[in-house]
Amino acid sequence: MPAYLLEAYVVLLGLVILMMEAFGPTERKHYLGWAAIGGLIFGVVLLFFAANATNLPVVEGEEAASESWPMMQRFYSFDRAAIFYKGFAMICTIVVLFLSLDYRKILEKFTENPGSEDGTGEYYALPIFACAGMMWMASAKDLVSVFVALELVTITFYVLVAFMRRNVGSLEAGAKYLILGALSTGILVYGIAWLYGSLHTTGLADITTKLADAEFVAANRLPILFGLALILVAITFKVGAVPMQLWIPDVYQGAPTPTTAFLSVGSKAAGFIVALRILEPFLASESLRSQTIFILLAITGITILYGNLAAIPQTNFKRLLAYSSIAHAGFI
């Protein structure tokens, strides 16, 4: 099967769960969680069928040939890294859905009608849409597809973080995540615009080719590095690193616990696969490698120091784990 149908299947599964929530029984909604888990387990099975000789690259380490689906050739990559992260995203979402089934007793207290499961059905569908976005992030090979997939994940988490609408802590977490998420989105778009203006392309393969030309890089060094710096700032929001780490303690504390787990594992992993793909052309360029490594070292050092030192005075367990998550982002 064509690999890009995996994401289409996951999105369709999310829509089916939403329809079941809207037109199914209103008393108990736990069956939606089990349906979502079963659908994602079937998606993991489909991943094995997609990872076959027609989709995988012939040469080790090269991206997959896509002659069988040329319309996706510019935006979609299906290599071994993408296979790993797609499987990771689905397994992580399955675990989060299991946590959500147990957490529904807490969600019941903050629904429109406390004590019922009215409105909790969406809590099983939204992680599926986030999973689809993370799977697209794993295969993104163009800055445009990176942005679209990133925003699908981020917008879904806006709702998941503030899902307990009658809880002040959850609403505060949602507001802070929304404000900083919108800021990081603007910075990302601005960085992509700078790179496009300097390199006249948004494809990562074309960017690699352009950056291999030392004379071209020398004539456009500052705008290229400025665009890279802006994109890295936006990515630090997804992975929880300095300078966009301020949202993590409050959001981790106020969000529903399954959402916190999803943010700290699935969303962060997707952010790192995007970082790896975007940084690869810059690290491969002889002219920009040293400056890129310097930027990464600066972010790494400050993130590790901030996460570990700020964790020392914490008395709330979830905030302690939040600062630990920041430090671990630096180590990774």
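# Exercises on an all-helix model

From the N terminus on, the elements run α-α-α-α-α-α-α-α-α-α-α-α-α. The model is predicted: local features need pLDDT of at least 70, side-chain atom pairs count only at pLDDT 80 or more, and totals for chains, interfaces and linings use all residues. Residues are numbered from 1 along each chain as its sequence is written, and side-chain values use heavy atoms, with hydrogens and water left out.

## Exercise 1: the overall fold

Task: state how many helices and strands the protein has, then judge its compactness.

Solution.
- Step 1. Count the elements: 13 helices and 0 strands. Helices (H or I, at least four residues) and strands (E, at least two) are DSSP runs, numbered from the N terminus.
- Step 2. Take the radius of gyration over C-alpha atoms; the globule rule is 2.2 Å times the number of residues to the power 0.38. The radius is 20 Å, close to the 20 Å that the rule gives for 332 residues, so the protein is as compact as a globular protein of that length.
- Step 3. Add the box: the C-alpha atoms fill roughly 65 × 50 × 30 Å along the principal axes.
- Step 4. Check burial (under 20% relative accessible area is buried, over 50% exposed, partly exposed in between; 1.4 Å probe, protein chains only). Buried residues make up 53% of the 332.
- Step 5. Check contacts (heavy atoms within 4.5 Å). Among those between residues at least 6 apart in sequence, 74% join residues at least 24 apart.

## Exercise 2: the largest cavity

Task: find which helices line the largest cavity, and place T185.

Solution.
- Step 1. Fix the terms. On a 1 Å grid over the protein atoms alone, a cavity is a set of points where a 1.4 Å probe fits but cannot get out; a pocket is an open set with protein on both sides within 12 Å along at least five of seven lines; lining residues have an atom within 4 Å of a point. Grid points are joined across faces, edges and corners, and a volume is the space filled by probe spheres set on the points.
- Step 2. The count is 4 cavities of 30 Å³ or more. The largest holds about 50 Å³.
- Step 3. α5 (143–161), α6 (168–199) and α9 each supply at least two lining residues. The largest share, 4 residues, comes from α6.
- Step 4. Sort by class: Ala, Val, Leu, Ile, Met, Phe, Trp, Tyr, Cys and Pro are nonpolar, Asp, Glu, Lys and Arg charged, and the others, Gly among them, polar. The lining has 4 nonpolar, 4 polar and 2 charged residues.
- Step 5. T185, one of the lining residues, sits in α6. T185 is buried, at 14% relative accessibility. Leaving out residues up to four places away in sequence, T185 touches F147 and E151.

## Exercise 3: the second largest pocket

Task: describe the lining of the second largest pocket.

Solution.
- Step 1. Its space is about 350 Å³.
- Step 2. It has 17 lining residues; F272, L279, L296, T300 and A329 lie nearest the centre. Two or more residues each come from α9 (221–239), α11 (257–284), α12 (289–311) and α13 (317–331).
- Step 3. By class, 13 are nonpolar, 4 polar and none charged.

## Exercise 4: backbone exceptions

Task: locate the cis peptide bond and describe H200.

Solution.
- Step 1. Most residues other than glycine have a negative phi, and most peptide bonds are trans.
- Step 2. A cis bond joins V242 and P243, with omega about 15°. P243 is in the loop between α9 and α10 (248–254).
- Step 3. H200, not a glycine, has a positive phi of about 60°. H200 lies in the loop between α6 and α7 (204–211) and is exposed, at 55% relative accessibility.
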